[in-house]
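Visitor: Could you take me closely through the salt bridges of this model, pair by pair, and tell me how buried or exposed their partners are?

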Amino acid sequence: MYDQKKAEKKILEFWEKNNIYKKVREKNKGKNPFYFLQGPPYTSGNLHLGQALNNTLKDSVLRFKSMNGFDIWDRAGYDMHGIPISAKVQAKLGLKSKEDIEKYGIGKFNQECMSWATEKAKKMDEDLKKMAVWFDYSDPYYTLNEEWMESVWFLVKQAHEKNRLYEGEKTMTWCAECETGLAKHECEYKTIKDESIYVKFKVKEKQNEHLIIWTTTPWTIVFNLAIMVNPELDYVKIKIGNEKWIIAKELANHLVKDILNKDYEVLEEFKGSELKHLEYEHPFKDDIKDYKKLKKDHPNIHTIILSKEFVTLEAGTGLVHCAPGCGPEDYEIGRENNIPPYNEINEKGIFPEKFGKFSNLKAKTDDKKFVKELQERNSLIVTETIEHDYAHHERCNTPVIFRTTKQWFFKIEDLKQEMLKNNKSVSWVPETMKNAFNSWLENLRDNSITRQRYWGTPVPIWRCDNCQDYTVISSKEELSRLSGKTPEKLHRPWIDKITFDCKKCGGKKHRIPDILDVWLDAGVASWACLYYPKKKENYEKFFPPDFILEGKDQIRGWFNILQVCSLIAFGKPSFKNVFVNSFITDIEGVKMSKSLGNIIAPEELIKKYGSDSMRFYLFSSEPGEDVNFSWDELKNKNRSLLVLWNVYNYLIEYSNALKIDPTKKPKNLGLEEKYILSRLNKTIKKVTEYYEFYEINKVPGELEKLFLDLSRKYIQYTRNKIHKEPELVLSTIYHVLFELIKMLSTICPFITERMYLELKERYGLENESLSFYNWPKHDKTKINELLEEEVNLSDQIRQAGLAAREKVKLGVRWPLKEMKVISRNPAVERTLKSMKDTIQSKLNIKKISYEKESKDAKIEIQPNKSQIGKDFKQDSKIILKDLTPELMQEIYKNNSTFVSTFNLTNKHIIVKEELPKNLTSAEFSQGKVILETHLTPELETEGFARELMRRVQDIRKEQKLKKQDTINLAIVSEINISKWQEIIKNKVGAKEFASEEKSYPIKEKIKIKNKEFMICVEINS
């Protein structure tokens, strides 16, 4: 039995001790380059199942490319800056806020972050190695290394020199928990329940007349400066009670009748354009003192403005609350109407002291308190619970808020068309992900690159205290040249100590205190991984990457930022081929998370079934989709690998027992050999194409089908042949198995290496490791589709024969007189001519015949009224009236016929078959089989003999005998089995055979069909 855990441990030791990975890579140095770029995982914890899938898929492609002679660049790498790491360290140190970090000491804090990230990276290296993931771990890229940070600085400098770097005030998504701005790609939308509110704003200088708005973010009402309406939509003024409301015509019923359960009267109807500049009074006008000054400077404040783009009838009232300081769309429409982005919450989302009753309230968190204030002012109409998508910070899972803040940006919106054009040349698997990426690019926006944190690549911008002139630095060397000082470290706070004189005014230039968006660390990977710009030769040889592979969440993440950064720096796309792996959810289809307690760790899978089984199972998942984890499917893959191991054992045992060297090329091929060699060559062709086009998920299935066919078809078909032509059978198995394990080594490297090392030792094979072999080449002359079809049909016939036996409880050891195969398909007749002997042998049938129609069965045909009614509806009465027995016979024989003008097929009839008592039947895809089940005395005797042989073989297994071990056997029977004596001896490896009881050490009484037998066995030493 194959012990996966022990075997995998030994193989890891073998690879390590003999430097196999290094030797494999050195073998192809100087040949065609292949650049694989590792998408850096965060070093914030243990590897999860998605990363196990992700990295083992990558490994399989690299193994394939290596066996095809490519000089591979495969540097391991890790993302080590940003909130995921700093949050872990904050938790470890008990630091709750940015103030706590500053009290603790930024330098000490960043040193802790560095230690944490480095320690986790080394642990992740070891975990990946246990999964047989072969990367270059000797020099992994760490984004915290200064050389890497200089590559990021190089990007910022390139953006500056190309006029793509600017500072601007914008309304941005903001994380109050992390106290920093967020880019679009850092937000993950989640479905949540919120209290939405309908609010009335009084029309200025009108009695009891109100504008009705709706919002899901009550805290932003404080910063409301306008109301948007669509100039082309129809609006109404309605009377409800003693009040007049203005609302979109189509949405009035939902609010007034459906929600409030009231009646109303329409007073006026008009287009939205007629509401332009209508002024209203804000319900908080007496609380927020800033409103007066804002209104004085910006007359459009607290008036209706027009927008076709941002006002629809999908929800709400058709009057949209506009707070330019609380959303990017509001910001844009505010800028068009000279309305400023008013928002004065601090970095923690807290309202300042000057906001009266709202002072010290927290945005989003305290929504209910804002609602209460509206209610006290008689401005709240009603609240309604809704379910909607809301942006969360993907790192800390906190709902975002909005702030107006000054940040630095990359100008990229004008690159949209170029990126879409570049994407046409990129090969995506699956193709749907290419379309998804295009959709993302079509909505590309300038994103901020600065963050107000501590642990990250410092922004390389030094600004003058006096004239505000700034300098962008591209490297440590440039900074030293300008300042005359070399920074102790590039991280904060050490970098902040470096200042230099302003050439423009003579003032002092200090670094702005921000760090860069951590995504830029990953965005420069396509060239930083090659040590560019420090070294040029690797860039010239390898850039851009030939292949990347990550999950679908990287559409808006790494895939996007790679292309943005590469286009800014070089004007080139940053990858050629991308595979988007599936997402592994839990058994119920829920995303795995620690909070839900549904995480299944790779270690758990490996401990139970081994790394190979895990890889084999994970690889088959559909790319770009969510896949529910299944213990049963994993177990099935484990079983399949044990089938493969049994094939290997079969080869070794027979080769040893018969003293045959199976490594010689098979000659004088029979039908069975031609079949399995056809399967081998077709599989090589298919698997090669799948890898070449990065359809990696299709590879495991093809290889599994091949080794299952080798076991369940070829070895089964040659059970007797191996005794007659052992050299041919064993050399065929060896040849197919050896080419198979070369291919399978890309997916299951442990079991295949284990097999190879034993084969190497037994037969003196030349290479130190299976990985040193070239990828197999298919021979198209050996692919025989017709033969494969015949073998597949013969297998179907065999399975049908077994099913028919099962109906009458007659095992395959009991010989039967005859089986008839009934089919109108010429391929079945052809199959029986070529494969009849094999089918007869496997089913233990004395005779097989072929008939187009059964002469034994009594056939009764009836119309399938329900199917006819379903397909022909009102015409079914005409059809049933004209459908004669003769026409039904015609449908049965020809699979279809016309009844009047209607074409009926075999689904429109029901065929009932009645067979004589001595016959039984079973169907297969192209027909059915009919078995003669009567046992003659001669057939019955043969059946007893076969059952006895099986039991003796079981005894041999129980005694752990090898094929070459012999026994002495005695069988006492009330059935005369003397005719079978020699066959039994040969089959069970008996030197002597007796019909009377012997005093052998092993004795067993058994019953077969109520007949008693005594089996006596003696093992020869």
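Guide: Relative accessible area is read here in three classes, with buried meaning under 20%, exposed over 50%, and partly exposed in between (1.4 Å probe, protein chains only). The model is predicted, so local features need pLDDT of at least 70 and side-chain atom pairs count only at pLDDT 80 or more, while totals for chains, interfaces and linings use all residues. Residues are numbered from 1 along each chain as its sequence is written, and side-chain values use heavy atoms, with hydrogens and water left out.

A salt bridge is taken as a side-chain nitrogen of Lys or Arg within 4 Å of a carboxyl oxygen of Asp or Glu, and by this rule the count comes to 79. One of them joins the side chains of Lys-98 and Glu-347, at 2.9 Å from N to O; this pair links distant parts of the chain, 249 residues apart, with Lys-98 in helix α5 (residues 98-104) and Glu-347 in the loop between α10 (328-336) and α11 (367-376). Helices (H or I, at least four residues) and strands (E, at least two) are DSSP runs numbered from the N terminus. Lys-98 counts as buried because its relative accessibility is 8%, whereas Glu-347, at 28%, is partly exposed.

Asp-234 and Lys-271 also meet through their side chains, at 2.9 Å from N to O, and they connect strand β10 (residues 234-240) with strand β12 (residues 265-271) across 37 residues. Asp-234 is partly exposed at 31%, as is Lys-271 at 38%.

Lys-698 and Glu-695 form a salt bridge of 3.0 Å, N to O, in which Lys-698 is partly exposed at 38% and Glu-695 is partly exposed at 24%.
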